[in-house]
Amino acid sequence: MGSDEPLLGRRFEAARPEKAVADGDGDASFVQTCLNGLNALSGVGLLSVPYALSEGGWLSLALLVAVAAVCWYTGLLLQRCMAVDPAVRTFADIGERAFGRGGRLLVSGFMYAELYLIAIGYLIVDGDNLDKLFRGARVSLGPASLAGKQLFVVLVALVVAPTTWLRSLGVLAYVSATGVFASLLIVLSVLWAAAVDGVGFSAPGTTALRPTRLPTALGLYTFCFCGHAVFPTLYTSMKEKRQFPKMLAICFVLCTLNYGSMAVLGYLMYGGGVQSQVTLNLPAARLSSKIAIYTTIVSPLSKYALVVTPIAMAVEDRIGGAGAAVSVAVRTLLVLSTAAVALALPFFGYLMALVGSLLSVGACVLLPCVCYVRVFGRPARAAEAAAIAAILVLGSLLVVTGTYSSLVQIIHELM
């Protein structure tokens, strides 16, 4: 079945208003939307995927591909739900169409909590990596002082705030282009560190499979592909909405290749000793390491706005629309609040594992399937019905086991 054929079966095709699938009022081209989509998927998960591979073992690479395929499929399900009614413009709208007001609240809770924590993760990443480069940095303002990670989290928040003020995703695509390039450059820099700068590819501690750690690995893999909260925004921003399935396929294939390459490189280089951010393993004195770390630092500057935009739009809609001044105020307050949480809970690895196991699986795997079935009923095709049922069962199992495993690890480290 081609990706352009409706997953609902042809019996629903006649019931769809033509304008529902027609090109809309978006201003972003296909290339611009691809850049935004790649940027949304190529997040800080790139830094943690070697750690995920070390948790699951070499055979868990198959699970990375499986998770990518499932998330691509559920992304298409969201697009099909939106194509039915031009009034459906967000993930929350899909939830309301499926389950009423309660569905909107449920979807919004998962989606915005996930995006909010990802934005916090971006600030933590920059704080960690800047602290690695500039040990002992401190700024004093009267009786108050900031040092180390806390100082850099605040500085990054101040720098990233203006990028959130852009309201057009067509314009934001130019910022996204730098993020896509940054993700590729990080992988190439890590490869250079291993092949040229002497780190090598023969680290001890690699293993074929670690069954007891698979829930953690799966949670981190899912976190890598948690762009579903942004997909409806990308869809509504497109000039040619019929090209959304093609755009989504390109984004998932390229991101899976990038994630897989980084996972293999990092695991070969550091084995079981790889940290939750592979850049923290790199020898800081090497040029390749500096390039990777600096690129890691710059990357959130391009990604943060894309992640925060759906939250800001929801807040602005809630207060009855917003002029330019109100919009800037809302988005600035969002940045400041994420910085405050990042200062209070600077635990990147634990945070991302929990986000992946609970929020990403819920928002990116379970909710699209549940909403789709609720909107269109049981799929007419037996293969599609079986696929959705399997996704729901396995996704529910991962939510329980992955969340439990993540919480146990957090509690163990805190005690």
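# Close-up views of a predicted model

**View A. S289 is buried, at a relative accessible area of 0%.** Buried stands for under 20% relative accessible area, exposed for over 50%, and partly exposed for what lies in between, with a 1.4 Å probe and protein chains only. The model is predicted: local features need pLDDT of at least 70, side-chain atom pairs count only at pLDDT 80 or more, and totals for chains, interfaces and linings use all residues. Residues are numbered from 1 along each chain as its sequence is written, and side-chain values use heavy atoms, without hydrogens or water. S289 belongs to helix α12, residues 287-318. Helices (H or I, at least four residues) and strands (E, at least two) are DSSP runs numbered from the N terminus. Apart from neighbours within four places in sequence, S289 has contacts (heavy atoms within 4.5 Å) with L282, P283 and A284.

**View B. V190 of helix α8, residues 169-195, is shown with its surroundings.** V190 counts as buried because its relative accessibility is 0%. Once neighbours within four places in sequence are set aside, M262, L265, M269 and L282 are in contact with V190. V190 and G266 lie 76 residues apart along the chain, and their C-alpha atoms are separated by 7.7 Å.

**View C. The largest nonpolar core has 113 residues.** Such a core is a set of buried Ala, Val, Leu, Ile, Met, Phe, Trp, Tyr and Cys residues joined through side-chain atoms within 4.5 Å. Y221, F225, Y259, M262 and Y304 have the most contacts inside the core. Helix α14, residues 348-376, gives the most to this core, with 16 residues. Around Y259, leaving out neighbours within four places in sequence, the contacts are L41, S42, G43, G45, L46, V49, L64, C224 and F225.

**View D. Helix α2 (residues 30-41) packs with helix α11 (residues 244-270).** The angle is about 40° and the axes are 9 Å apart. Axes are lines fitted to C-alpha atoms, for helices over the stretch in contact, and angles run from 0 to 180 degrees between N-to-C directions. The pair is therefore oblique; angles under 35 degrees count as roughly parallel, over 145 as roughly antiparallel, 65 to 115 as roughly perpendicular, and the rest as oblique. The crossing of α2 and α11 is right-handed, where right-handed means that the near helix is turned clockwise from the far one by less than a right angle, and left-handed anticlockwise. From α2, the contact takes in F30, T33, C34, G37, L38 and L41; from α11, K246, M247, I250, C251, F252, L254, C255 and Y259. This contact has 11 nonpolar, 2 polar and 1 charged residues. In this division Ala, Val, Leu, Ile, Met, Phe, Trp, Tyr, Cys and Pro count as nonpolar, Asp, Glu, Lys and Arg as charged, and the others, Gly among them, as polar.

**View E. Helix α3, residues 45-56, packs with α11 at an angle of about 55°.** The two axes are 8 Å apart. At that angle, α3 is oblique to α11. α3 makes a right-handed crossing with α11. The α3 side of the contact consists of G45, L46, V49, P50, L53 and S54, and the α11 side of N258, Y259, M262, A263, V264, G266 and Y267. By class, there are 9 nonpolar, 4 polar and no charged residues in the contact of α3 with α11.

**View F. Helix α4, residues 61-84, packs with α9 at an angle of about 40°.** Their axes are 9 Å apart. This angle makes α4 oblique to α9. The crossing of α4 with α9 is right-handed. On α4, L61, L63, L64 and V67 meet L214, L218, Y221 and T222 of α9. The contact of α4 with α9 has 7 nonpolar residues, 1 polar and no charged.

**View G. L218 is part of helix α9, residues 214-224.** Leaving aside neighbours within four places in sequence, L218 is in contact with L63, V67 and L398. The C-alpha atoms of L218 and E55 are 9.3 Å apart, with these positions 163 residues apart in sequence numbering.

**View H. The whole protein, for context, has 15 helices and 2 strands.** Of its 415 residues, 54% count as buried. Among contacts with a separation of 6 or more, 83% are between residues 24 or more positions apart.
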